[in-house]
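The following exercises concern the arrangement of two chains and the contact between them. Each task is followed by a solution in steps.

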Protein chains: 2
Amino acid sequence: VAEVWAIVVAGGSGQRFGQQKQFSPLGGRPVLTWAVEACRTAVTAGVVLVVPASSDLSISHGADTVVVGGPTRSDSVRHGLAAVPPSADVVIVHDAARPLASQAVFGAVLSAVVDGGADGAVPGVPVRDTVKVVDPMGNVKATLDRTVLRAIQTPQAFRADVLRRAHAKGAGATDDAALVEALGATVRVVPGDPRNLKITTPEDLLTAQRLLEPGQ
Amino acid sequence: VAEVWAIVVAGGSGQRFGQQKQFSPLGGRPVLTWAVEACRTAVTAGVVLVVPASSDLSISHGADTVVVGGPTRSDSVRHGLAAVPPSADVVIVHDAARPLASQAVFGAVLSAVVDGGADGAVPGVPVRDTVKVVDPMGNVKATLDRTVLRAIQTPQAFRADVLRRAHAKGAGATDDAALVEALGATVRVVPGDPRNLKITTPEDLLTAQRLLEPGQ
C-alpha cells in the first residue's frame, strides 16, 4: 500500500486569496477544516496544513501537522513538503479554499498516480466560456480551441519524489503541476467536479452554502 | 450618429443551451426579456430577437422583430443579420441567456467600435482557474499563461459590414468574434463584468436571482 500524505495550503502572507475566506464559517466549521477533512478520504498517512504566519498554530483544523507558509503559494507548498516524511510515496496538494472536493475526485487523482503510472494527476473540468488570448494592446491575438482546454482544480496528486524535485528546481509558479510538467514528467488530467468550487468571493461562499443544502 | 442594431440570440433547435433556461422567469419576466431590454441602453435603431423554431412568434419579449433561428448558433445569427437593414452601421450580438449585462459593458463594446476604430469589440474577464491544454490521451500538453487569457462574454459589437462579411464566409463557429478575427479584422477585448453570467444551469439561475436582490 502506498504511503499517501496531503498538504492543505491555506496561503501565506499577502496572498491574493485573502485568508478571511479560508477561515470563513461554512455549515458550522471553517472552510479550511472542510478541506482538511476531505483529504482524509484519500490519505493513508497524515495531513499537513500550511497556514498564514499570523495564524494560531494551536488550532489544527483536523490536520496532523500545522506549519507556517511563505510569501508565495509555491513557498507554502515547499514548507508543507518539508514536513512530509521521506517515506511518503504520494503527496496530494489541496487548496484550503476548496471545501467541497469529493471523494471521487480524490480517488481519481490518487488512482492515476498509484495505479495509472502518471507522475502527477490533476482534476480538470471543461471550460465553459470562449477563451481568447490578448496582446499588450488589448486586441485579440487568438481564439483558443475550447475542446482541448481544461480548468484545473485541486486536489492534485504527485509521486513524492517528483514533486520534491519539481519544487527544488522551480519557483514562483502558482500551479504545482506546472512545475512537475517543467521536469518533463507526465501529468494526467482526470475528471473534476463543477461543485468543487474555490471560495474567493463572498458570492462563492453563498454558492457553497447552497450546495450543502439537502437535495443539492 | 451611428445606426446601431442588436441581435439577441435565443438559440435554434438542438442547442446545448436548452431553451428552457432562456425562457425561465427571473424577477418576474423571462431571462431573454432581460437580455432584450438590456440592449435598449445601446441601440439607436432596433432589436432583432432570434428564437427557436418551436417558439410563439407573437410574443416579442420587447424586441422590434422576431425571427426564427437555424440549427446552429451561427445560423441563428445569420437569420438575425438578414433582418437588420442595410443601413445599419454597427450590430451588437448578445446571448439571450445573459440577462444581467450592464449598461457599462454595452457602452464599452460600442465605444471601441464607434469611437475606437476597432472592427469588433468583446467583453472579457480574467480567467480565474489555471487552464491546461490536454492531448487526446488526457495528458497535459501545456499550461497556459493565465495573464493573457480572457473569458469572453456578450454583448459583442461589430461594424455591420465586417460582421456580414464574416458570416458570409465562415460558418460553424460558436463565436462571432472568431469569424471576424478569421478575416484579419481587429477585435478588441474590453473589460467585462463578472456579474454578467450566462444562465446554463438551474444553479446559474439562482445566482442571477441573488444578484438582483437589493444590496448586491
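## Exercises on the interface

**Exercise 1. Characterise the polar contacts between chain A and chain B, and state which elements of chain A take part in the interface.**

*Solution.* In this predicted model, 28 residue pairs are in polar contact between chain A and chain B, both residues of each pair having pLDDT 80 or more. The elements of chain A that give two or more residues to the side touching chain B are strands E8 (130-134), E9 (140-143), E10 (149-152) and E12 (187-191), together with helices H6 (176-182) and H7 (202-211). Among these, H7(A) gives the most, with six residues. By residue class, this side of chain A divides into 17 nonpolar, ten polar and 14 charged residues.

Next, consider the charged pairs. Eight salt bridges are counted between chain A and chain B. One of them joins Arg128(A) to Asp204(B), with the closest N and O atoms 3.1 Å apart; the cut-off for such a pair is 4 Å.

**Exercise 2. Determine how much area the two chains bury, and which residues of chain A supply the most.**

*Solution.* The contact takes 41 residues from chain A and 41 residues from chain B. The area buried between the chains is about 3200 Å², and carbon and sulfur atoms give 46% of it. Arg128(A), Lys132(A) and Arg210(A) supply 18% of the area that chain A buries against chain B, more than any other three residues.

**Exercise 3. Derive the symmetry that relates the two chains.**

*Solution.* Two copies of a chain are related by a rotation about an axis and a shift along it. Here a rotation of 180 degrees, with 0.0 Å of shift along its axis, superposes chain A on chain B with an RMSD of 0.0 Å. The relation is therefore that of a two-fold axis. The same surface serves both copies, since 100% of the contact residues of chain A recur in chain B. Within chain A, Thr207(A) comes closest to the rotation axis, its C-alpha lying at 3.9 Å.

**Exercise 4. Describe the strand pairing across the interface, then locate the cis peptide bond in chain A.**

*Solution.* E10(A) pairs with strand E8 (residues 130-134) of chain B in the antiparallel sense, over four bridges. Within this pairing, Ile152(A) has Thr130(B) as its bridge partner.

For the second part, the peptide bond from Thr154(A) to Pro155(A) is cis, with omega near 10 degrees. Pro155(A) lies in the loop between E10 and strand E11 (156-159) of chain A. In chain B, a cis peptide bond likewise joins Thr154(B) and Pro155(B).

Definitions and conventions
Residues numbered from 1 in each chain as written. Chains lettered and ligands numbered in written order. Predicted model: local features only at pLDDT ≥ 70, side-chain atom pairs only at ≥ 80, totals over all residues. Heavy atoms only, no water. Least-squares fit on C-alpha atoms with pLDDT ≥ 70 in both. Contact = heavy atoms within 4.5 Å. Buried area = accessible area lost by both parts, 1.4 Å probe. Salt bridge = Lys/Arg side-chain N within 4 Å of Asp/Glu carboxyl O. Polar contact = N/O pair within 3.5 Å; in protein donor to acceptor, adjacent residues only side chain to side chain. Nonpolar A, V, L, I, M, F, W, Y, C, P; charged D, E, K, R; others polar. Pairing = 2+ DSSP bridges.
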